[in-house]
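Got the viewer open? Here's a quick walk through the salt bridges, a charged patch, a small sheet and a couple of odd backbone angles.

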Amino acid sequence: MLAPAAAGNVRADTGWQDQGDHEKKLKELKRDISKLKDWIHDAQGEQSDLEKELRATEEKIQDKVREINKIQTSINDTEKQVDELEDKEKEHLASLSQQKGLLARQIQAAYGMGREQGVKLLLNAEDPTTLQRILAYYDYLNLARGEHIEKYRQTIEELKQTRAEILKRNQALLESRNTLARSKETLESQRKEREATLAKLNSSLNYKQNELTRMQKNQKQLETLVKEVEKAISNLELTQDSVPFSKLRAKLPKPTKGALQQLQGQSGGGFRPSGVFFQTPLNTPVSAVHHGRVVFADWLRGFGLLMIIDHGDGYMSLYGYNQALLKDTGDWVRSGETVASAGSSGGQSETGLYFEIRHNGKPDDPLRWFKK
């Protein structure tokens, strides 16, 4: 899976030696993953109307969270631009004050020499050489005064433009904040809608009676998904990272903050979760534990909004229960880069992150991989 690459011959942002090859393989990956999504939809066809409603609501929440993040990024950029413009305005004002003082001194000096400066200079100078030198100084002073006046005028014009731009940016900032406020109201409404649907779902007698069977089916579906993803990425090449994933045992950063819980299996029935759960507040950033490529980003029953990142050499990390996935299939991610926000999608009652590490499709205890 991990093809050797000579240093300098592989672009770090593409992972392939040839850009055309990169585009071709990316299209193949997205096509294969699209088939997987169709399979998921078919496999989940037996969902109840309430489960389908829950999924639709959680996907709407994800879209709204992504929209809010985009607006917030725009606000942060605009605020930075306003700060830079205000610094520029201060520079203009300081320059204007300095130029104003200089011009005032020049005007006072000119006034002290009287109105007929040139005539006085001619009458008072007897030596032609001295006269020539004085006239040259006189021309220089007049030229310098004119340049200072023009510079003063230009600074005033620049100051006017800067102030106009600050007003424009502040107006854009106000509009963005209003849009953000409206989006947050919509998000809150969608969250209440989700809670109502989840309450109905949990109160369903059939849903409660079949809890263990449902959990077993969800786990089996995840196992099948991982196998299908492995097939889809079998010819996918990754960039050579400085440290292979296999060398990072007991060195990986945790994907998010919060109390870490190792999920316990149900007694009887053969159900045993393969990952760990981080109990953390809603919208807490979720980070990639290592460099890799997103090979799956969609909703899966029992795991909610799920992301799978391929790290090469048969290693993958899985991130479930998210409120929103911030990366799409095919995206490269760096170690520590935010890829999602923690949530409770998939019908979970607690907010947090479900996390797995797999090697060649088989679960590997994440606790052995995290830094001590």
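## Salt bridges first

Asp298 and Arg55 make a salt bridge, with 3.9 Å between their closest N and O atoms. This one ties together distant parts of the chain: Asp298 is in strand β4 (residues 292-300) and Arg55 is in helix α2, 243 residues apart. Before going further, keep in mind that this is a predicted model.

Are the two partners buried or exposed? Asp298 has a relative accessibility of 10%, so it counts as buried. Arg55 has a relative accessible area of 11% and is buried as well, because the cut-off for buried is under 20%. The pair also has company: Glu59 is linked with Arg55 and Asp298 in a network of salt bridges.

How many salt bridges does the count come to? The answer is 18 salt bridges. As a general point, side chains of opposite charge can pair when their charged atoms come close. Here are three of the bridges side by side.

| Pair | Closest N to O | Residues apart |
|---|---|---|
| Asp298 and Arg55 | 3.9 Å | 243 residues |
| Lys64 and Glu67 | 3.3 Å | three residues |
| Glu79 and Arg177 | 2.3 Å | 98 residues |

Take Lys64 and Glu67. Their side chains meet in a salt bridge, at 3.3 Å from N to O. Both residues belong to helix α2, and the three residues of spacing amount to about one turn of the helix. Their surroundings can be read from the accessibility values: Lys64, at 14%, counts as buried, while Glu67, at 31%, counts as partly exposed.

Next comes the bridge between Glu79 and Arg177, where the closest N and O atoms are 2.3 Å apart. Distant parts of the chain are linked here too, with Glu79 in helix α2 and Arg177 in helix α4, 98 residues apart. Glu79 has 29% relative accessibility, so it counts as partly exposed. Arg177 is also partly exposed, with a relative accessible area of 40%.

## More on α2 and α4

Where is Lys200? Look in helix α4 (residues 128-203). Its C-alpha atom and that of Glu51 are separated by 9.9 Å, although the two residues are 149 apart along the chain. Lys200 counts as partly exposed because its relative accessibility is 48%.

Now for the charged patch. Which residues gather in a patch of negative charge on the surface? They are Asp83, Glu84, Glu86, Asp87 and Glu91. One of them, Asp83, lies in helix α2 (residues 49-112). With a relative accessible area of 45%, Asp83 is partly exposed, and that fits the patch rule, because residues need over 30% relative accessible area and no salt bridge to be included.

## A small open sheet

Over to the strands. Three of them form an open sheet in the order β3-β9-β7, with antiparallel pairing. β3 (285-287) and β7 (324-325) are at the edges; each has a single partner strand, so one side of each is left without a neighbour in the sheet. In general, strands of a sheet pair through backbone hydrogen bonds, either parallel or antiparallel.

How many bridges join β3 and β9? These two strands pair in the antiparallel sense over three bridges. β7 and β9 (residues 338-341) are also antiparallel, and they pair over two bridges.

Ala340 is a handy spot to click on. Val286 has Ala340 in β9 as its bridge partner, and Leu325 stands opposite Ala340 as well.

## Two positive phi angles

Two asparagines are worth a look for their backbone angles. Asn283 has a phi near 75°, a positive value in a residue other than glycine. Where is Asn283 found? It is in the loop between β2 (276-279) and β3. Asn283 has 39% relative accessibility, so it counts as partly exposed.

The other is Asn360, with a phi near 55°, again a positive value in a residue other than glycine. Asn360 is in the loop between β10 (352-359) and β11 (362-364).

Note on methods:
Residues numbered from 1 in each chain as written. Predicted model: local features only at pLDDT ≥ 70, side-chain atom pairs only at ≥ 80, totals over all residues. Heavy atoms only, no water. Patch = residues over 30% accessible without salt bridge, like charges linked within 9 Å, V, L, I, M, F, W, Y side chains within 5 Å. Areas by Shrake-Rupley, 256 points an atom, 1.4 Å probe, with all protein chains shown as cover. Salt bridge = Lys/Arg side-chain N within 4 Å of Asp/Glu carboxyl O. Lys, Arg positive; Asp, Glu negative; His and termini not counted. Charge placed at Lys NZ, Arg CZ, Asp CG, Glu CD. Helix = DSSP H or I, 4+ residues; strand = E, 2+ residues; numbered from the N terminus. Buried < 20%, exposed > 50% of the residue type's maximum accessible area, 1.4 Å probe, protein only. Pairing = 2+ DSSP bridges.
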